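Open the model in your viewer and keep the selection panel handy. We will move from the surface to the interior, one stop at a time.

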Amino acid sequence: MIADQFMIMENIITFLVGCCFGSFINVIVYRFPLGESIIFPGSHCINCKYKIRFLHNIPLISWIFLQGKCINCRQKISLIYPIVELTTGILFVINNYSSPSNLYKSSFLITTISGWVFISILITLSILDIKYLWLPKSICNFGIFCGIISNLITEIKHDIPIKFLLSIESIAAAFLGYLTIKLISATGFRLFQKPVMGEGDSKLMALIGAWLGIKGFAITTWLAFNIAGIFAILGLILKKLKRHQKIPFGAFIAFSGICVWHFGNSSFTNIFFRA
């Protein structure tokens, strides 16, 4: 009974933390494309520049309480803001039950915090890719660095049989992820005489490799192409997509990466790659 109550409280706190991260993601997604600082100035209405007070800036709750409008000018606040906060909160809770294969020997704290960083970066990149078909190099590089550091911390804190093997694999997987997408892109350009994938996709796949290792990267790649293919086919059949319309492939990579992080490599290999 006490264990159940503790788990409920843990999930509530995790959800609230996730909503706060989601709120910061909203700031990044709005300001980063404009070249503005994500720290200064503080939160303000994008219409009237009114400085938002703390009580009016509580994730989810403030949006509901203010009925989705600025308290000063009554300009509508996009529904996207609470959706991002809610989604991030839910994914953070799910992260409590994740089984990332690379960090299988890590403590709950390391796995949890690593998951928060990984999920936040992927959500940010997904939104930017969906809105602008843009995967910023600086954010991808930051994600690659965090992935390598996460694996390095795991090796330092825990007894790994072969020292620095995890970090070396993380770096190798990052290079492999980058080169794989570059090869696919070059092949597609030669066949179709136009770019088929962006530079950002190769950087994002490098990020996935840094976090999930070689096997995790391979599964993520397979999953992303299949999901994107199904999406494109359905979009064409339902006439929601045009034949040569670009799709935010980075969002599919990010979604697949989160799935592999949560379920672990073995779950996918057991289901899809059994002999």
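Which residues form a nonpolar patch on the surface? Select Ile8, Met9, Ile12, Ile13 and Leu16: together they show about 480 Å² of accessible area. Bear in mind as you look that this is a predicted model. Ile8 lies in helix H1, which covers residues 2-31. Residues three or four places apart on an α-helix point the same way, because there are 3.6 residues a turn.

Next, select helix H4, residues 108-132. Its 25 residues should span 36 Å at 1.5 Å a residue, and the end C-alpha atoms are indeed 36 Å apart. Of those 25 residues, 18 are buried, so H4 is largely enclosed by the rest of the structure. Just after the helix, click on Leu133, where phi is positive, near 50 degrees.

Stay with H4 and pick Thr112. Its relative accessibility is 7%, which is under the 20% cut-off, so Thr112 counts as buried. Beyond its neighbours within four places in sequence, Thr112 is in contact with Asn95 and Asn96.

Now for the interior. The largest nonpolar core holds 45 residues, and Phe118, Leu122, Leu125 and Leu207 have the most contacts inside it. Colour the elements that give two or more residues to this core: H1, H3 (80-95), H4, H5 (137-157), H6 (165-192), H7 (199-237) and H8 (249-263). H7 supplies the largest share, 13 residues.

As a last stop, centre on Leu122. Leaving aside neighbours within four places in sequence, Leu122 is in contact with Leu204, Leu207, Ile208, Ala254 and Ile258.

How values were computed. Residues are numbered from 1 along each chain as its sequence is written. This is a predicted model: local features need pLDDT of at least 70, side-chain atom pairs count only at pLDDT 80 or more; totals for chains, interfaces and linings use all residues. Side-chain values use heavy atoms; hydrogens and water are left out. Patches are made of residues with over 30% relative accessible area and no salt bridge: like charges are joined within 9 Å, nonpolar side chains (Val, Leu, Ile, Met, Phe, Trp, Tyr) within 5 Å. Accessible areas come from the Shrake-Rupley method with a 1.4 Å probe; for residues, only the protein chains shown count as cover. A salt bridge is a side-chain nitrogen of Lys or Arg within 4 Å of a carboxyl oxygen of Asp or Glu. Helices (H or I, at least four residues) and strands (E, at least two) are DSSP runs, numbered from the N terminus. The expected span of a helix is 1.5 Å times one less than its number of residues. Buried means under 20% relative accessible area, exposed over 50%, partly exposed in between (1.4 Å probe, protein chains only). Contact means heavy atoms within 4.5 Å. A nonpolar core is a set of buried Ala, Val, Leu, Ile, Met, Phe, Trp, Tyr and Cys residues joined through side-chain atoms within 4.5 Å.
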